[in-house]
Amino acid sequence: MPPKWGARTSSGVTARELALRMYERRLPLGLGALAVLSAALGWWGYHTWRTSQEEAAQVLMTKALSGLEELSKGAEGAKASETRNGRLEEAQAVLLQIRKEYSSSKAAEQALLQLGNIFYQKADHQKALQAYQEYLEQYPGGSWVILAGVGKGYTLEGQGRYEDAAAIFRTLGERYKDSSLSIEALLGLARSLSHLDRRSEAVEVYRRIAEEYAGTSWGRRAEELVAGDER
């Protein structure tokens, strides 16, 4: 039951005095309620905006990947080469748009990796290296960090920087030994060591591949290379 108008509450003030105090404080109380409401609306608006940004970025990513997928069909000839270059340019433009307009989206991470792949396919090794390195720096815990590392190793190979490539591949092979992609790093390491005329080290890597991937095409190929070197 509410206190009578003249009765005192447990705090020693009457209900009338309490009502007067509440009335006097109506402005700060109202502002407090307004602040809470504004914060809630702000969070909802930001969440809605982020969702729309992610959706828009993913639409563009799907467009870019669809274009790149067409390249895997393996058509040949001058016309096919022209078409391939055109699709690479189109995908590159879309990926750059994602990086520029939706830089905080999840799609922006994948876009950076795909840009590195496109530059590598176009033999623009400097830009490819820059893209892969940027990925590794911006997304050290990213979903495609091992792919960016392997891409960086391939690019260094393409530049003839076999010592640097070997160092990258060796690190990846040890750090991600439980990954299904570690074979890419091991093969890259063996190739780089071979280019550096470090045959014995390359053979050791091939032996490791033959043991860890026994029964696979990689393991059989590694066995052949080891046997050929020992003859």
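Two residues are in contact here when heavy atoms of theirs lie within 4.5 Å. Keep that cut-off in mind as we walk through this predicted model, starting with one well-connected spot.

Arginine 99 sits in helix H3, which spans residues 78-101. Leaving aside residues up to four places away in sequence, arginine 99 touches Ala108, Glu109, Ala111, Leu112, Leu115, Glu134, Gln138 and Tyr139. One of these neighbours, glutamate 134, also meets arginine 99 through a polar contact between the two side chains, at 3.4 Å. Is arginine 99 buried or exposed? Its relative accessibility is 16%, and since buried means under 20%, arginine 99 counts as buried.

Now let's move along the chain to helix H9, residues 199-212. Its 14 residues reach 20 Å from the first C-alpha to the last, close to the 20 Å expected at 1.5 Å a residue. Within H9, the buried residues are Ala202, Val203, Val205, Tyr206, Ile209 and Ala210. They cover an arc of only 160 degrees around the axis, so they lie on the same side of H9. A bit of helix geometry helps here: with 3.6 residues a turn, an α-helix points residues three or four places apart the same way. On the other side of H9, Ser200 and Glu211 are exposed.

Finally, let's step back to the protein chain as a whole. It has ten helices and zero strands. Of its 231 residues, 32% are buried. Among contacts with a separation of 6 or more, 45% come from residues 24 or more positions apart. The chain exposes about 14600 Å², and carbon and sulfur atoms supply 55% of that area.

How values were computed: Residues are numbered from 1 along each chain as its sequence is written. This is a predicted model: local features need pLDDT of at least 70, side-chain atom pairs count only at pLDDT 80 or more; totals for chains, interfaces and linings use all residues. Side-chain values use heavy atoms; hydrogens and water are left out. Helices (H or I, at least four residues) and strands (E, at least two) are DSSP runs, numbered from the N terminus. The expected span of a helix is 1.5 Å times one less than its number of residues. Buried means under 20% relative accessible area, exposed over 50%, partly exposed in between (1.4 Å probe, protein chains only). The arc is that of the directions from the helix axis to the C-beta atoms. A polar contact is a pair of N or O atoms within 3.5 Å; within protein, one must be able to donate a hydrogen and the other to accept it, and residues adjacent in sequence count only if both atoms are side-chain atoms. Accessible areas come from the Shrake-Rupley method with a 1.4 Å probe; for residues, only the protein chains shown count as cover.
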